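Trainee: I should be grateful for a close look at a single part of this model, namely its second largest pocket. Which residues line the pocket, and what is the character of that lining?

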Amino acid sequence: DHIAFASRASAQVVLGSIRGKFSEDPKIKEKEFEGAIDAVKKVTSFAEGHDVILTVEPINKNDTNFINKTQEALDFLKLINDENVKLLIDTFQTYQEEDISNAIRIAGDILVHVHLVDTNRLVPGKGLIDFKPVLKKLEKIGYNRYLSAEVLPKPDDDTAASEFITN
């Protein structure tokens, strides 16, 4: 259903926190990892038929133990080995795990979507992230794809949207 809707909306489908957590037992974790690769490959085949790009989003270690950093996502994408699966970087998630500018640098042309959100899940400029170097690094790698707000609607939707646009 998500892929069919994304196709009609010319949107991407994000493989983010829906991944859940893997077992801490190494043997079980290895099987779960292999299962994740198989599942993404199956979904990718279906998504390609609908002209939909899938994006893998690294999520911080407090929420999952599977793909927390950009390099882990890139390694996973190599195993998937499909041009239809790309990378999404979320500044809130990335800030908790690694240097955002470095994450953008190593992502390069695999990066197709960026969530701009500050450390408190508010619009850029309301938390601890300095977005000037982030935007400069995006420009430096020639990034010309999606930038979106994934922020809390505080104090309300309209104000958060307006602040995102002006910040």
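**The second largest pocket**

Mentor: The lining of the second largest pocket divides into six nonpolar, two polar and two charged residues. Please bear in mind that the model is predicted.

The residues concerned are L116, P124, G125, I129, D130, F131, K132, L135, F164 and N167. In this classification the nonpolar members are L116, P124, I129, F131, L135 and F164. The charged members are D130 and K132, and the polar ones are G125 and N167, because glycine is counted as polar here. The volume of this pocket is about 190 Å³.

As to the elements involved, helix α6, which covers residues 131-140, supplies the largest share of the lining, with three residues. These are F131, K132 and L135.

The pocket may now be placed in the context of the whole chain. Seven helices and five strands make up its secondary structure, and their order along the sequence is α-β-α-β-α-β-α-α-β-α-β-α. Contacts between residues 24 or more positions apart represent 72% of those with a separation of 6 or more.

The overall dimensions complete the picture. The C-alpha trace spans about 45 × 40 × 30 Å along its principal axes. The radius of gyration is 16 Å, which agrees with the value near 15 Å for a compact globule of 167 residues. Of these 167 residues, 41% count as buried. The chain exposes about 9,600 Å², of which carbon and sulfur atoms supply 52%.

Notes
Residues are numbered from 1 along each chain as its sequence is written. This is a predicted model: local features need pLDDT of at least 70, side-chain atom pairs count only at pLDDT 80 or more; totals for chains, interfaces and linings use all residues. Side-chain values use heavy atoms; hydrogens and water are left out. On a 1 Å grid over the protein atoms alone, a cavity is a set of points where a 1.4 Å probe fits but cannot get out, and a pocket is an open set with protein on both sides within 12 Å along at least five of seven lines; lining residues have an atom within 4 Å of a point. Grid points are joined across faces, edges and corners, and a volume is the space filled by probe spheres set on the points. Helices (H or I, at least four residues) and strands (E, at least two) are DSSP runs, numbered from the N terminus. The radius of gyration is taken over C-alpha atoms; the globule rule is 2.2 Å times the number of residues to the power 0.38. Buried means under 20% relative accessible area, exposed over 50%, partly exposed in between (1.4 Å probe, protein chains only). Contact means heavy atoms within 4.5 Å. Accessible areas come from the Shrake-Rupley method with a 1.4 Å probe; for residues, only the protein chains shown count as cover.
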